[in-house]
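Reader: I'd like a close look at just one part of this one. Pick the strands and tell me who sits beside whom, and don't skip the caveats.

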Amino acid sequence: MNAEEEKQISLPFFGVPRLFPFLKPYRWRIAFMILLGGLSSVIDALYPLFNRYALDHFIADRTLTGIGVFIALYVCLVLAQAAVNFKSTSDCGSLEVTVNKDLRNAAFNHLQTLSFSYYNQNSVGYIHSRVMSDTGLIGELVSWRMMNFIWSGSYLIGILVVMVIIDIRLTGYILLLVPVAIVAMVFFQRKLLKYNRIIREINSRITGNYNEGITGARTIKILGVERKMIDDFNQEALNMKRASVREAHFSALFLSSITMMSSIVLALILGQGGMLTREALMRIGTLSVFMSYALEMLEPMQNIIETISAFSAIQVNIERLTRLLAEQSDVADSPQVVVLEHFNLKVPRGTNIAIVGETGAGKSTLVNLVCRFYEPTKGQVLIDGRDARERSQLWLHSNIGYVLQSPHLFSGTVRDNLRYGKPDATDEEILEALRIVSAQDVLAKMDKGLESDVGEGGELLSTGEKQLFSFARAILADPKILVLDEATSSIDTVTEKKIQNAIAILIRGRTSFVIAHRLSTIVDADVILVVRDGRIIGKGTHEELMKERGYYYELYRKQYEELVWET
C-alpha cells in the first residue's frame, strides 16, 4: 500500500460524499434500517429488565401474581425481536446486493466510455479489482457494517442509561474500566488492520502469480522456468503464512484480553453488588441486570471499534472506485454531435488503403486516430469536411469492422460470438459468412456445430481458426469501413490464403484500411501509405512506390530475400 493510500485511510469519511448519488435512491430504506437498528437494540436491552422483575417479584417474593401478563409481554417481546431481526436482515441483504449492482453497473458502463489509453495504462487485474472487489466491500459497508454500528451504538447508550438510572454506584465501577477497554481494543484493532492489509497485498500477488502460472503455462514450459515460478509462488505463500499467523496471534490475544476485562468487570459487580445485596441495599434482580449488561457491553464496544477500523480500511476502496468513475476519456464527443447517414473520410468510397512500415512506426496509431480510439493532440481528423469530434462515436464505431492482429473471441458458442457482428443474424447468414471465409471446415470439425463452445478467449481454437471466425464476424457486421490490423501475421500460410480470398470479397464496395506486415499481401491495394517514425513518407500504388526505389522498395526487397532464403 503506497503512502497516498495510507494518507487517505487516515482521513475519516474521505470519499464518502462521492457515494451519495448511489445511496440517494435508497435514502428512505436506509432511514428505515437505522430505525430498525435502534428498535432492535432497545428490545435487546429490555431482556435483562424482564429477568430482574422475575427474580425480584416471582422468586424473591415467592408469588405468581401477574405471571400471565408477564408471559404475554415476554412473548410479545420475543415476537417483536424476531420480526425486527427478520426485516433488518432482509433489508441489509437487499441493500448490499442492490448497491453492489448499481456500483458495478456504473463502473462497467463507465469503462466502456474510456479510450484505449486507459487500458494501456492499467492492468486487467487492477480494473477487475475496482469493479468487483471494491464494490463488494462498499456494499457491505453501507449495509451490514452500518447496521452493526447503529445497533451497537444505540445498545451501548441504552444500557448505560438504564444502569445509571438503576444504580449509579455500580455503573461508576464499570465506567472506570471503559477507557482501558477502549484503549486496548484500539491497540489490537490497529495491529489487526495492519496485518490484514499485508495479507490482502500478499494475496493479490499470489493471485497474480497463480494467474500467470495458468495463462503463461506454455511460455513457462518453453523457457524451462518452472522451478523459478514454483519458488516465487512458494515464497509468497510462506509470506502469507507468516502474516496470517501473526494476525491469528493478535486475534487470539485480543479475544483473551476482552475475556479478561469482562471477567474483571464481572468480579467487581459481584463483589460490590454482593455486599449491597447482603446489606439489603440492592435486590438480587438488580444485581442480575448489572451482571448481564456488564458481560454484554464489551461486545458492542468491540463492534463499534471494528466498524470504524473497517471503514478506515475501506477508504482506499472508495477512493479507488470513485477515481475510476471520475476518470475522463481523452476521446469525447462535443455537445453538438451530428448523426450521419453517409460516410466519407476524404477517401473515395471503396478505396483499399494499405499502411506499411516497421514495428513501432505508427501504423496502428494512424488507424486508431481514424477510428477515434485516440484523439489527435494536434490537427484534425475530418469526416465530410467536419471535425470528427462533432460526430457520434457510437455511429462511427458501429460502421467500422476492426479485425485485430491477435483475434479475440468471447466465452460462449460459435453462434454467440458471430452474432456480436449482427445480433439478429440467422443461422443461414452465419453459415454463409463462414463459407465466405472458408471456415466451414473448422466448424465441421466441432462436435456441436454452431452450438460448440469456443472456451475462454477462444482457447479451444487455434490462432488461425479464431482469426477466421473474426473475419466471419466482420462480414456479418457489414461495416462501411473495414480495418485489418496485421490480421494475417499470426497465422499459417494455408489459413492466410483463405483469409486473403475472404479479404478480396470483403473489401468490395467499402473503404478499407489494411495494416500489413507481409507486403506481398497488399500489392493490389489502391493506395499504399508508407509510415516511418510516426510520419507518412510515401504514398502510391505498389508499382509507383517500387519505381521510386525508396524506403518501400527496401522493405519489399528485404522481405523478398528473406522469403527466398527460407524456401
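Author: Two strands count as paired if DSSP finds at least two bridges between them. Strands themselves are DSSP runs of E, at least two residues in length, while helices are runs of H or I of at least four, and both are numbered from the N terminus. Before you trust any of it, this is a predicted model: local features need pLDDT of at least 70, side-chain atom pairs count only at pLDDT 80 or more, and totals for chains, interfaces and linings use all residues. Residues are numbered from 1 along each chain as its sequence is written, and side-chain values use heavy atoms, with hydrogens and water left out.

On to the sheet. It's an open one with 6 strands, and the order across it is E4-E5-E6-E1-E7-E8, with mixed pairing. The edges are E4 (400–403) and E8, each of which pairs on one side only. From one strand to the next, the twist averages 15°; axes here are lines fitted to C-alpha atoms (for helices, over the stretch in contact), and angles run from 0 to 180 degrees between N-to-C directions.

Let's start with E5 and E6. E5 (residues 481–485) runs parallel to E6 (residues 511–515), and 5 bridges join them. One to click on is Asp 485, whose bridge partner in E6 is Ile 515.

Then there's E1 and E7. E1 (residues 352–356) and E7 (residues 527–532) also run parallel, joined by 4 bridges. Here Ala 354 has Ile 528 of E7 as its bridge partner.

E7 also pairs with E8 (residues 535–540), this time in the antiparallel sense, over 5 bridges. Val 531 is bridged to Ile 536 in E8. E7 and E8 make a hairpin with 2 residues between them, and Asp 533 in that turn has a positive phi of about 55°. While you're looking along the strands, remember that in a regular strand the side chains alternate between the two faces of the sheet.

A helix comes in too: H16 (residues 463–477) lies across E4 and E5, at about 180° to E4.

Now the caveats. The chain has a mean pLDDT of 77, with 82% of its residues at 70 or more; pLDDT is the predictor's confidence in each residue, from 0 to 100. Over residues 333–338 it's below 50, and that stretch has 15 contacts in the model beyond near neighbours in sequence, where contact means heavy atoms within 4.5 Å. Residues 340–345 also stay under 50, with 17 contacts beyond four places in sequence.
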